[in-house]
Amino acid sequence: MNANPTIAIAGATGAVGEEILQCLINLDVPVGDLKLLASARSAGKEIVFKGKPYIIEELTEHSFAGVDIAFFSAGGSLSEKFAPIAAAAGAIVIDNSSAFRMDDQVPLVVPEINPQALKNIPKGIVANPNCTTIISLMALFPLHEKYGLKSIIASSYQAVSGSGAEGIAELEQQTKAVANGTALEDLEKNVYLHPIACNVIPHVDVFKEGGYTKEELKMLHESRKILSLPELKVTCTCVRVPVTRSHSVSITATFANKPTVSEAQGLFARYPGIQLCDDIENLVYPMPYQTTLKQDCLVGRIREDLVLDNSLALWVVGDQVLKGAALNAVQIAQKLISG
Ligand code: A2P
């Protein structure tokens, strides 16, 4: 990999694309040249990166000549169409969509957990995992290394940033409308089927087999792949909540060996990307506003589960746009550049 790579961002104007640009700066990633790609609507507009103006171009088949790393964050169907074209042009694609995550030939990577998967990228595509899965596994991996993870029971509290800039706008507009006296039944809805202001929606992504949503099944299949645990048991309920951009997950995890709360706290206190935030005597526990715009995930409310043996209950919170998407993608790029 070129030490000063040419980097393209497909979806540069979106919620995740904008944050990828910021992460490139914050992580001091060397950028030789930059290509900012979006729809025809944005073509010709300008984005300033490190003091230099760049003109946004329309994403086309010809966008990737000379590109070393191409981030994709413009939705699954555009990834499906253009990621193979970018890879054929010689770029390594880091794809934020779910289009390639379960492809055996595509590594699915959280750099703190399975960086070794980046040694073999046969299709020139690396997949960035689902946001809820990344944040959950950041908390579970240190425990898995010590105790051997057997099963996960989880409920997520997912921010509207998971629906992109439009999801954030819908929450803002509905919140203002409710403050001005509009009844929930009368709110204007473009992104969600139900009000998201003053409500929670137990439905993220489309319904699939067995009454589970696609988002819930991503937690199952992606966790198995990232951890190389094909027998891992996962059940999950994913819920959209009126929070702008950090996801929270309530987890009961069962292990082969008995964990203790104090040992678990010690593991989190020294693991990269995770901060322990667990001091109930002083009413300290993680909340989504605390991780917004922060790189690390926070873990707290760690306790022995009262129902299942060898199990801990915990609460993990992380910025969906950062560790759940842009930051993880840029950390993958860092690994690729540093070899
Ligand atoms: P644009 O701003 O020009 O519409 P989000 O997930 O925050 O909604 O962002 C989606 C991203 O995907 C935006 O950068 C958006 O660009 C981009 N996008 C949407 N449709 C297309 C398209 N047909 N071609 C290229 N980029 C697209």
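**A mixed sheet and the helices around it**

The open sheet of 6 strands follows the order β10-β9-β11-β14-β13-β12, and its pairing is mixed. Its edges are formed by β10 (233-240) and β12 (274-276), each of which pairs on one side only, and from one strand to the next the twist averages 20°. All of this is read from a predicted model.

Within this sheet, strand β9 (residues 149-158) and strand β11 (residues 246-255) run antiparallel and are joined by 8 bridges, with L149 standing opposite F255 in β11. Helix α5 lies across β9 and β10, and its direction is at about 135° to β10. Helix α6 (residues 261-269) also packs on the sheet, where it touches β12, β13 (297-304) and β14 (311-319), making about 170° with the direction of β13.

Helix α5 (residues 214-227) has a helical partner as well, since its axis and that of helix α3 (residues 131-147) come within 10 Å and cross at roughly 40°; the two helices are therefore oblique to each other, and their crossing is right-handed. On the α3 side the contact involves C131, T132, T133, S136, L137, F141 and H144, which meet E215, K218, M219, E222, S223, I226 and L227 in α5. By class, this contact has 6 nonpolar, 5 polar and 3 charged residues.

A further pairing is found earlier in the numbering, where strand β6 (residues 69-72) and β7 run parallel and are joined by 4 bridges, A70 having V93 of β7 as its bridge partner. Strand β7 (residues 92-95) is covered on both faces, with I92 and I94 buried on one side and V93 and D95 buried on the other.

Conventions
Residues are numbered from 1 along each chain as its sequence is written. This is a predicted model: local features need pLDDT of at least 70, side-chain atom pairs count only at pLDDT 80 or more; totals for chains, interfaces and linings use all residues. Side-chain values use heavy atoms; hydrogens and water are left out. Axes are lines fitted to C-alpha atoms, for helices over the stretch in contact, and angles run from 0 to 180 degrees between N-to-C directions. Angles under 35 degrees count as roughly parallel, over 145 as roughly antiparallel, 65 to 115 as roughly perpendicular and the rest as oblique. A crossing is left-handed if the near helix is turned anticlockwise from the far one by less than a right angle, and right-handed if clockwise. Contact means heavy atoms within 4.5 Å. Ala, Val, Leu, Ile, Met, Phe, Trp, Tyr, Cys and Pro count as nonpolar, Asp, Glu, Lys and Arg as charged, and the others, Gly among them, as polar. Buried means under 20% relative accessible area, exposed over 50%, partly exposed in between (1.4 Å probe, protein chains only). Two strands pair if DSSP finds at least two bridges between them.
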